[in-house]
Amino acid sequence: MAIDLVLRRDWQARERHGDYTQLDSTKGVKVHYTGGRVDPGIVGDHAVCVSLVRSIQGYHMDGNGWIDIGYSFVACPHRKVFEGRGLHHLPAANGAGLNSGHYAVLGLVGNAGLVEPPDGVLHAILDAVEYVRERGNAGKEIKGHRDGYSTDCPGEPLYAWVKRGAPRPGGTTPPPNPPTAPPFPGRLLKYPPVMRGEDVRTWQQQMKVRGMEIDVDGAYGSGSRDVCLRFQREQGIDDDGIVGPTTWRLSWEAPLT
C-alpha cells in the first residue's frame, strides 16, 4: 500500500513562523506519542484526528514557541500520515542536540484514553518510515524518543513494539528482543565518596562489555565516574557522572556503536 499522505493544506495547517533548517540525511526515525490523553473516539472518526493534529500544532507554536509543529509526520488510526514539517526539514521533537539524527514520527496514542496503538497507527508509522527512507535519505534505525533522551515517550505499548523490531501487524515473526537492562538497584551510583557494592560491579562489567576501559572492582570512584560521563555524552543525555535509572537502562539497551 502506498502512503496515504494528508498534506498540510488538507489538514489546514497554520503557516510556519520561520524558516526550517535543512536536513540532508538522518540515521532513521524516532517514534513518539502525545504524552497526554487521546480520545478513543478518533478510531471511529477521522475528523477528530484532524482536530487533534491541529491542536498539537497550536500547542507547539503558541505554547512552546516553535516555528511549527515539532514532528516530521503524524500517524493516525486510519492509516493516514499527516505531513508535519515533512522531508528534509529539521524536527523539534527529539530533544536539543538530537533533532538532526532522526526524523520524528508521532503515533496518535497517549498515556490515557487511547493507549494501545491500533494496527492502523502502526501501519501508518511504517508507511512514514518507508517514505522518509525512499525520499528523505533516512537510514534504517527505528527508535523510541526515550532512546538517548530522558522521557517516557513513546509510552510502554508503542515502545515495546519498537523494541520488537517494529513489525508490520499481521506480518512475519519479528526478530528476537534486544537486550533488556536488569532492574535498577535503587540507589544512585556516584562519586565522591567511593561507593562499593555488587550493583557497582554489575554496571562496571556492562561497561566493559561495551568496550570501555574500566576496572571491574565493585568500587565507584573517579575512574567509573569518568566512564559514566563519556557514556552519557555518547548517548546525548545529561552528563552528570551519576548512574541513575536512565543511564543504567541505556547501559544495556542502547545500541552498541
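Is Gln-12 buried or exposed? Gln-12 counts as exposed, because its relative accessibility is 55% and the cut-off for exposed is over 50%. This is a predicted model.

**Positive phi angles**

Most residues other than glycine have a negative phi. Gln-12 departs from that pattern: it is not a glycine, yet its phi is positive, about 60 degrees. Gln-12 sits in the loop between strand E1 (5–6) and strand E2 (26–32).

His-88 also has a positive phi, near 60 degrees, and is a residue other than glycine. Its place is the loop between strand E5 (81–83) and strand E6 (102–107). How exposed is His-88? His-88 counts as partly exposed, because its relative accessibility is 24%, and partly exposed covers the range between under 20% and over 50%.

| Residue | Phi | Relative accessibility |
|---|---|---|
| Gln-12 | about 60 degrees | 55% |
| His-88 | near 60 degrees | 24% |

**Cis peptide bonds**

Most peptide bonds are trans. Which residues does a cis bond with omega of about 15 degrees join? That bond links Cys-153 and Pro-154. Pro-154 lies in the loop between strand E8 (138–144) and helix H3 (156–163).

Another cis bond runs from Pro-192 to Pro-193. Here omega is near -10 degrees. Where is Pro-193 found? Pro-193 belongs to the loop between H3 and strand E9 (195–196). Helix H3 thus borders the loop of Pro-154 and also the loop of Pro-193.

Key
Residues are numbered from 1 along each chain as its sequence is written. This is a predicted model: local features need pLDDT of at least 70, side-chain atom pairs count only at pLDDT 80 or more; totals for chains, interfaces and linings use all residues. Side-chain values use heavy atoms; hydrogens and water are left out. Helices (H or I, at least four residues) and strands (E, at least two) are DSSP runs, numbered from the N terminus. Buried means under 20% relative accessible area, exposed over 50%, partly exposed in between (1.4 Å probe, protein chains only).
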